[in-house]
Amino acid sequence: MNGKGTIELPGAIDQVFQKLQDPNVLKNCMMGCKKLEQVEENEYRAELTVGIASVKGKYDATISVKDIETPKHYKLVVQGKGAPGFVNAEGIIDLSPIDTERTQLNYSYTADVGGKVAAIGQRMLGGVAKLIISDFFKKAKKEIKKIHNSV
């Protein structure tokens with residue numbers, strides 16, 4: 001599976017970049033995230049509970065932030081496994097200033113799934129992936145706006 005998209009976020013590029021690196025913001029934005037802890041610099045361990053169609057379950061995931069070019073680019077690498085199967089995903093995040101108060105975020109991703117969850121079918125999984133990513137960025141926009149408005 002793969003996809004891409006664009007979203008406008010409130011705040012200057014430096015602020016947006018910083019907030020997207022904040023573990024508390026990340027935890028609040030990830031669908032089904034029960035726990036997120038930093039294990040070393042730019043690496044996190046997450047516990048996620050996700051349901052896709054009739055396949056639901058807990059995933060233990062490692063999330064790594066790589067290829068960081070502050071404040072404009074980074075790559076997220078997610079490797080998760082659990083009873084429903086596994087997911088390996090990579091996302092590229094590129095930020096560019098629209099003006100001093102708004103930032104454009106462009107993203108692209110690739111993902112590979114296996115196990116019971118793969119039996120759902122690629123068409124449905126593609127839709128679910130878009131939903132999860134859309135939900136993440138909608139929540140990120142809300143979190144950043146909340147922080148931006150309090151400054």
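Three short exercises on this predicted model follow, each with a worked solution.

**Exercise 1. Find where confidence is lowest and where it is highest in the chain.**

Step 1. Start with the average: the chain has a pLDDT of 87. Of the residues, 89% score at least 70.
Step 2. Go to the elements. Helix α3 (residues 122–150) is lowest, at a mean of 77. Helix α1 (residues 13–20) is highest, at 94.

**Exercise 2. Place M31 and trace what M31 touches.**

Step 1. Locate the residue: M31 sits in the loop between α2 (23–29) and β2 (33–40).
Step 2. Classify its exposure. Partly exposed runs between 20% and 50%. The relative accessible area of M31 is 30%, so M31 is partly exposed.
Step 3. List contacts, leaving out residues up to four places away in sequence: L48, V50, L131, I132, D135 and K139.
Step 4. Check one of them by distance. L131 is 100 residues from M31 along the chain, and their C-alpha atoms are separated by 9.8 Å.
Step 5. Follow two others, D135 and K139. Their side chains form a salt bridge (3.0 Å, N to O). Both lie in helix α3, four residues apart, so about one helical turn separates them. D135 is buried at 17%, and K139 is partly exposed at 28%.

**Exercise 3. Show which strands the K58 and E47 salt bridge ties together.**

Step 1. Take the pair: the side chains of K58 and E47 meet at 4.0 Å, N to O.
Step 2. Assign strands. K58 is in β4 (residues 55–69) and E47 in β3 (residues 43–52), so the bridge ties together parts 11 residues apart in sequence.
Step 3. Add exposure: K58 is partly exposed at 44%, and E47 is partly exposed at 24%.

Conventions
Residues numbered from 1 in each chain as written. Predicted model: local features only at pLDDT ≥ 70, side-chain atom pairs only at ≥ 80, totals over all residues. Heavy atoms only, no water. pLDDT = per-residue confidence, 0-100. Helix = DSSP H or I, 4+ residues; strand = E, 2+ residues; numbered from the N terminus. Buried < 20%, exposed > 50% of the residue type's maximum accessible area, 1.4 Å probe, protein only. Contact = heavy atoms within 4.5 Å.
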